[in-house]
Amino acid sequence: MDPRQLLLPLPGGGPASGSARGIPRADRVFVNRDLRLSGIDWVGFDMDYTLAIYRQEEMDALSVELMVDRLIKRGYPAYLKKLRFDTRFPIRGLLVDKRYGHILKMDRYKVVHRGYHGMRRLSREEITELYHHKRIRPHTSRYHWIDTLFALSEVTSYAAVVEELERRGEKVDFDKLFSDVRASIDEAHAEGAVYRAVTSDLPRYIDRDPELARALHKLRSAGKRLFVLTNSPFSYTDTMMTYLLGGALPEYPSWRHYFEIIICAAQKPRWFQEGRPLMERDGDVLRNVRGSFERGKVYEGGNLAEFERMVGITGNNVLYVGDHIYGDILRSKKESSWQTAMIIQEMDQEISAHEACHDDLARQRLLEETRDRFEDELRYLQAHYKELTRVPPSPGSSEDAERLRVKRGLERVRAELRSIGTEHDLLAERISQRFHPYWGSLLKEQSEMSSFGLQVDLYADVYTRRVSCLRAYSPQQFFRSPYDLMPHEL
Ligand SMILES: [Mg+2]
């Protein structure tokens with residue numbers, strides 16, 4: 001994806017969305033690299049946040065509530081029980097600086113552009129002071145990268161607890177607090193509290209997509225074979241998939257009939273790298289697997305090499321659809337020749353904000369062009385003025401009048417540039433607010449890709465809002481990547 005293309009008003013509905021005419025922009029499949037569906041024989045799906053779209057704010061609220069109880073048990077003050085938090089706060093791709101308790105957003109070059117401490121936005125000066133004088137190293141233990149929707153509640157919780165503890169005058173160990181928040185959330189998952197809450201009220205937590213069944217059926221009708229590869233245990237997978245697909249189409253007595261192969265408790269990303277024996281689940285019993293996969297059975301574990309051997313996959317005829325940039329998309333891209341489709345459920349917000357900002361973005365571009373012209377004029381006048389002041393003028397000479405004229409010209413151009421700068425900043429803030437109240441666009445930062453946007457660009461061959469968006473395209477679709485222009489070609 002060429003980042004500049006997001007800013008250009010293109011006819012026919014925009015860049016790289018295949019033959020997308022007539023498909024609402026929010027429901028399109030966007031293309032980073034060519035993908036010929038006609039060459040795809042197997043389509044694999046992750047489950048959580050891919051086939052199953054969670055209501056993020058409900059999930060985060062649940063997660064924070066479960067976290068707080070466990071944090072208090074670890075010795076934190078009981079007043080945290082009444083913790084105030086904003087589930088809109090986090091986005092994917094943020095970086096937690098555990099040394100200072102800051103949460104940061106970077107562009108593709110790992111330059112920090114904005115940040116918060118608790119719920120307070122860091123000033124430009126604070127960011128420059130801490131992060132611009134030395135290149136930051138996000139992969140060191142000082143930092144923690146938030147790359148999944150699952151981990152967003154860690155950010156909501158952390159910011160809210162930092163805010164509350166400091167408001168009450170407590171001294172905070174930011175590093176330890178982050179570990180404790182994460183451990184408390186992990187504990188709630190490990191104890192099954194999250195699973196129990198979600199399965200006891202699925203409509204509250206899951207945004208059931210009525211078009212999902214038809215999208216899967218369309219792929220199957222074209223001869224594609226589907227599989228599920230999820231880290232969730234079978235009991236949870238079964239409950240969730242029954243909710244999503246059970247009774248949706250008369251041709252399919254149960255959700256299991258949509259898929260040739262079902263693998264639960266897969267332990268991705270390890271699944272893509274390490275050998276772990278594949279097991280077959282029969283009720284509560286796990287057995288070793290011999291031979292090949294059987295339709296209708298449920299498997300656990302295994303690994304990429306064994307899977308490809310058993311299924312007879314030899315080339316790039318697999319498309320894997322997932323939401324997790326590391327566990328699903330990056331790992332499969334690096335370890336296999338599979339093609340990747342990333343589900344980014346934030347795309348509807350991202351696209352509606354982009355459309356709402358159309359006029360502001362056009363105005364910004366105009367300001368940038370005008371700024372370039374004034375900057376040329378400024379440089380010309382500066383050089384001219386320097387020339388004129390090299391030798392002192394004789395009193396009353398025409399040079400003196402010229403010098404005055406150039407000086408006024410310089411003042412005028414500088415005033416124009418200041419006013420362009422002010423308006424540009426105001427527009428940038430307004431655009432950013434439309435995307436997200438705290439962080440602006442998920443995929444962009446100023447005019448660059450965000451660090452998260454870069455990951456999407458590097459590893460997802462195509463990306464879309466949800467699996468059912470595929471139903472609007474032919475199962476033989478050739479998704480063509482945009483013509484990638486370098487700056488010298490623009
Ligand atoms: Mg997932």
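Is Q267 buried, exposed or partly exposed? Partly exposed, with a relative accessible area of 34%. Some notes from going through the model, which is a predicted one:

1. **The loop between β10 and α9.** Q267 sits in this loop, and its phi is positive, about 60°, although Q267 is not a glycine. That is worth a look, given that most residues other than glycine have a negative phi, and most peptide bonds are trans. The second half of that rule has its exception here too: the peptide bond from K268 to P269 is cis, with omega near 0°. P269 belongs to the loop between β10 (261–264) and α9 (270–273).

2. **K110.** Here is another positive phi: K110 has a value of about 65° and is not a glycine. You will find K110 in the loop linking β5 (102–106) and β6 (112–117). Its relative accessible area is 31%, so K110 counts as partly exposed.

3. **The magnesium site.** Three residues supply the protein donors of the magnesium ion: D46 (OD), D48 (O) and D323 (OD), at 2.1 to 2.2 Å from the ion. Note that D48 is listed with O, while D46 and D323 are listed with OD. Along the chain the donors follow the spacing D-x1-D-x274-D. As for their surroundings, D46 and D48 are both buried. If you plan to check the geometry, keep the reference values in mind: ideal angles at a metal are 109.5 degrees for four tetrahedral donors, and 90 or 180 degrees for six octahedral ones.

4. **Helix α8.** Does the length add up, and what is the expected span? Helix α8 (residues 234–245) has twelve residues, which should span 16 Å at 1.5 Å a residue, and the end C-alpha atoms are indeed 16 Å apart. Its buried residues are F234, Y236, T237, M240, M241, L244 and L245. These cover an arc of only 155° around the axis, so they lie on the same side of α8. The general background is that an α-helix has 3.6 residues a turn, so residues three or four places apart point the same way. Just past the end of α8 comes G247, with a positive phi of about 70°.

5. **E387 and E280.** E387 is part of helix α13 (residues 358–388). With 46% relative accessibility, E387 is partly exposed. From E387 to E280 the C-alpha to C-alpha distance is 85 Å, and the two are 107 residues apart in sequence.

Key:
Residues numbered from 1 in each chain as written. Predicted model: local features only at pLDDT ≥ 70, side-chain atom pairs only at ≥ 80, totals over all residues. Heavy atoms only, no water. Donors = N, O, S within 2.8 Å, 3.2 Å for Na, K, Ca; no water. Buried < 20%, exposed > 50% of the residue type's maximum accessible area, 1.4 Å probe, protein only. Helix = DSSP H or I, 4+ residues; strand = E, 2+ residues; numbered from the N terminus. Expected span 1.5 Å × (residues − 1). Arc of directions from axis to C-beta.
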